[in-house]
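Hello,

Here is the structure I promised to hand over. Please open it first, then read the notes below.

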Amino acid sequence: MAVFVLDKRGMPLMPCSEKRARLLLARGRARVHRVMPFVIRLTDRRAGECEFQSLRLKLDPGSKVTGMALVREHDDGAAIVNLFELVHRGRQISEALAQRRAFRRRRRGANLRYRAPRFNNRTRNTGWLAPSLGHRVDTTMAWVTRLMRWAPVSALSMELVCFDMQAMQNPEISGVEYQRGELAGYEVREYLLEKWGRTCAYCDGHDVPLQIEHIVAKARGGSNRVSNLTLACEPCNRKKDARDVREFVKDKARLARILAKAKAPLRDAAAVNSTRWALFIALKTTGLHVETGSGGRTKWNRTRLKLPKTHALDAACVGLVDAMSCSPRPTLEITCNGRGSYQRTRLTAQGFPRGYLTRQKRVRGFQTGDRVRAAVPTGKKAGTHIGRVAVRATGSFNIQTPNGVVQGISHRHCTLVQRADGYGYSIVPSREERESGAGTTARRAPHAALSLLGMNAEVSRATR
Ligand SMILES: [Zn+2]
């Protein structure tokens, strides 16, 4: 992974290689600014003295994982600098809110006299998103602003829509790829998958390879228009052959459904995902130019560049990409963990109190979620443990290391590596690295400072 570099005033400079960062640190020209992701600060350089290349941050927003790629652009293509995957916690949020709602409802019924309902005197702002969805926009924006703070990002790209209606319907709008019709093919395929719910129109089969099917067969003069296309699994497609759909589908109801659906356009094809639009609006507030791309184009770029499918590499393929040099590099997986709970009472499944949390979050200068290094000199747990700490009021902590939880470590042995910031970090090696067996600590020692901190052990999840 490239290392982020700041000048002596904390302004971002171009990211550098791990080797260079190691040398800068060894020569005393830089110091560690932050451990995860690794950021160093030069002690002898000002941003005004340096020239920047063009850096673009690309985003592929997803419901569970958002891919992010920092890409350096030059005249004849682009090069990937860093890859990130942001793992959202929308599900946890909605579950926590559902639970809170149930507890409140119980309290209302159990402890209160009758109160008139007042459920219909609330309003919501326009553009309101459910907390689980809003969190996706918020955490993505938090990382965009963070990365802009650590690197001189000059432009943004994001995948805004699943398919580009223009590319499908009007094949000669602009660009070579439109005219070649290849990109249009991808857009049509993505559109059909969405429209027909990724199932075979004739047998409702899903999780099978689907083929594009002409409702009125081409042999009978059927057109390539989207309104004449559907999806079918291979057996159905072969069975139907050049027959007319009215002959082939015996079930009257199914036939009517297919014919009606084929005619109707997919509603709001451009705005399939409200969070994407909310994110787009939020990205515009950064003041940078935001390029948008479609899902079909992303897939087309990825296939053309022969890249494996990961969220981060998908992000790198968003928008206009001519050529991309991509040496195998790991992805930093950033998991949204939240910052703990407001609720101070732990409850049983029946909603009765089971235990109480402390009023204050901090114990002996540590807080649950902090990354610590514990050097235990003697005893059963002697050794060095690095990981996420869970504090106890007694001062005897638990540390979650890549090799499991170590319980009962005294606060006296702990030193802080990085404060809890609501995210968990792990480095996922690229497929090439995994296949070549290079995902071992020896080659993967990320940076001098990290190995100083003994954080090689952090390089977990060698196989996924
Ligand atoms: Zn079928």
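The lining of the second largest pocket is made up of nine charged, eight nonpolar and three polar residues. This is a predicted model. The volume of the second largest pocket is about 840 Å³. The pocket has 20 lining residues, and those closest to its centre are Arg-101, Arg-104, Arg-105, Phe-119 and Arg-122. Two or more lining residues come from each of α2 (90-111) and α3 (131-150). Which element gives the most to this lining? It is α2, with eight residues.

Next, the metal site. Four cysteines serve as the protein donors of the zinc ion: Cys-200, Cys-203, Cys-233 and Cys-236. Each donates through its SG atom, at 2.2 to 2.3 Å from the zinc ion. The site is tetrahedral, with angles of 102 to 113° among the four donor atoms. Along the chain, the donors follow the spacing C-x2-C-x29-C-x2-C. Cys-203 sits in the loop between α6 (182-195) and β9 (210-214), while Cys-233 belongs to strand β10 (residues 229-233), so this pair ties together parts that are 30 residues apart in sequence.

Are these two cysteines buried or exposed? Cys-233 has 7% relative accessibility, under the 20% cut-off, so it counts as buried. Cys-203 has 40% and counts as partly exposed, because that value falls between 20% and 50%.

The loop between α6 and β9 holds two more residues to look at. Arg-198 is found there. Its phi is near 55°, a positive value in a residue other than glycine. Asp-204 is also found in that loop. Asp-204 is not a glycine either, yet its phi is positive, at about 60°. Arg-198 is partly exposed at 41% relative accessibility, and Asp-204 is partly exposed at 40%.

Now look at Lys-261, in helix α9 (residues 252-263). Which residues does Lys-261 touch, leaving aside those up to four places away in sequence? They are Lys-195 and Trp-196. Lys-261 and Trp-196 are 65 residues apart in sequence, but their C-alpha atoms are 8.3 Å apart in space. Lys-261 counts as partly exposed, with 35% relative accessibility.

One last item concerns the backbone. Met-36 and Pro-37 are joined by a cis peptide bond, with omega at about -15°. Pro-37 lies in the loop between β3 (30-34) and β4 (39-42).

Best wishes

Methods
Residues are numbered from 1 along each chain as its sequence is written. This is a predicted model: local features need pLDDT of at least 70, side-chain atom pairs count only at pLDDT 80 or more; totals for chains, interfaces and linings use all residues. Side-chain values use heavy atoms; hydrogens and water are left out. Donors are N, O and S atoms within 2.8 Å of the metal (3.2 Å for Na, K and Ca); water is not among the atoms, so sites may look incomplete. Four donors count as tetrahedral if all angles lie between 85 and 135 degrees; four count as square planar and six as octahedral if opposite donors are over 155 degrees apart and all others between 65 and 115; anything else is irregular. Helices (H or I, at least four residues) and strands (E, at least two) are DSSP runs, numbered from the N terminus. Buried means under 20% relative accessible area, exposed over 50%, partly exposed in between (1.4 Å probe, protein chains only). Contact means heavy atoms within 4.5 Å. On a 1 Å grid over the protein atoms alone, a cavity is a set of points where a 1.4 Å probe fits but cannot get out, and a pocket is an open set with protein on both sides within 12 Å along at least five of seven lines; lining residues have an atom within 4 Å of a point. Grid points are joined across faces, edges and corners, and a volume is the space filled by probe spheres set on the points. Ala, Val, Leu, Ile, Met, Phe, Trp, Tyr, Cys and Pro count as nonpolar, Asp, Glu, Lys and Arg as charged, and the others, Gly among them, as polar.
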